Amino acid sequence: MENFFLAISLILGLLILLSLYRGVFGPTVFDRIIGVGFVGSKTLVILVLMGFIYKRVDMFVDISLAYSILIFIGTLVFAKYFQKKGAT
Amino acid sequence: MSIVAILFMLAGAFFFTMGVIGFLRFPDFYSRMHATGKGDTLGAVLMLTGLALYNLHSGFLLGNILVSIKLMFIAVFWFLANPTATHALLRAAFDSGLVPWTKDGKSVIEWPPK
């Protein structure tokens, strides 16, 4: 089962690299914000998978919980900051 | 139990992959948001549900049940928070005057609408 978790983690890492393209070359600033949020949501799952691989789920779950709240607040703050006329 | 967990996690990986493909290939910001806002939410919720089910495979001990409850709490929080963040970001882009993409380059209605 550890091999399956490792394979899923590698697939998610590949998807993170692919979606970093929009974070770097995105035409507008909002594309970059979604790119960063997208990377964050995959990191959330990878953290729990790392906990299963290292057999320390009870520690990694708390880190993942705090990280999910951090992504949500970060996206909201960026959306509020760029919400003015002609910010693109 | 672990067969169901594997099925859940493969479905989550499928939705993540579809979200990334839509994120890379769609033409403008609003349609990219359409792909990521749904694929991202459902993928993360399915993955975390599968992991919470797999965590219970070694017996219903107190620590295992607590960790599974925490994982399901992350899933429920993400199911509520990610559409909220998507909506706030879309609202910010709309208010800052980002014009939607059309095939011939001119907008269908007068933009921005009143």
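1. From the N terminus on, chain A runs α-α-α, with 3 helices and 0 strands. Helices and strands here are DSSP runs (H or I of at least four residues for a helix, E of at least two for a strand), numbered from the N terminus. The model is predicted: local features need pLDDT of at least 70 and side-chain atom pairs count only at pLDDT 80 or more, while totals for chains, interfaces and linings use all residues. Residues are numbered from 1 along each chain as its sequence is written, and chains are lettered from A and ligands numbered from 1 in the order in which they are written.

2. Dimensions of chain A. Its radius of gyration is 15 Å, where a compact globule of 88 residues would have a value near 12 Å. The radius is taken over C-alpha atoms, and the globule rule is 2.2 Å times the number of residues to the power 0.38. Along the principal axes, the C-alpha atoms of chain A fill a box of roughly 50 × 25 × 10 Å.

3. Burial and contacts in chain A. Of its 88 residues, 34% are buried. A residue is buried if 20 or more other C-beta atoms lie within 10 Å of its own, exposed if 12 or fewer, and partly exposed in between, with C-beta atoms placed from the backbone. Among contacts in chain A with a separation of 6 or more, 47% involve residues 24 or more positions apart; a contact requires C-beta atoms, placed from the backbone, within 7 Å.

4. Helix 3 of chain A. It covers residues 57-81, 25 in number, and reaches 36 Å from first C-alpha to last, close to the 36 Å expected at 1.5 Å a residue. The expected span is 1.5 Å times one less than the number of residues. Buried residues in this helix include A:Val57, A:Ser64, A:Ile71, A:Phe72 and A:Phe78. Their cover includes helix 2 (29-54) of chain A together with helix 3 of chain B.

5. A backbone point to check: A:Lys55 has a positive phi of about 60° although it is not a glycine. The residue is in the loop between helix 2 and helix 3 of chain A. A:Lys55 counts as exposed because it has 8 C-beta neighbours inside 10 Å.

6. Chain B. This chain also reads α-α-α along the sequence. Its radius of gyration is 19 Å, whereas a compact globule of 114 residues would have one near 13 Å. The C-alpha box is roughly 60 × 25 × 15 Å along the principal axes. Buried residues make up 39% of the 114.

7. The interface. In chain B, 36 residues are in contact with 40 residues of chain A. Helix 1 (2-25), helix 2 (29-54) and helix 3 (62-95) of chain B each supply at least two residues of the side that touches chain A. Helix 3 of chain B gives the most, with 14 residues. By class, this side of chain B has 25 nonpolar, 7 polar and 4 charged residues. The classes are: Ala, Val, Leu, Ile, Met, Phe, Trp, Tyr, Cys and Pro nonpolar; Asp, Glu, Lys and Arg charged; the others, Gly among them, polar.

8. Packing across the interface. Helix 2 of chain A and helix 3 of chain B pack at about 175°, their axes 11 Å apart, which means that the two are roughly antiparallel. Axes are lines fitted to C-alpha atoms, for helices over the stretch in contact, with angles from 0 to 180 degrees between N-to-C directions. Angles under 35 degrees count as roughly parallel, over 145 as roughly antiparallel, 65 to 115 as roughly perpendicular and the rest as oblique. A:Phe30, A:Ile33, A:Ile34, A:Gly37 and A:Val48 meet B:Leu71, B:Ala85, B:Leu89 and B:Ala93. This contact has 8 nonpolar, 1 polar and no charged residues.

Key:
Two residues are in contact if their C-beta atoms, placed from the backbone, lie within 7 Å.
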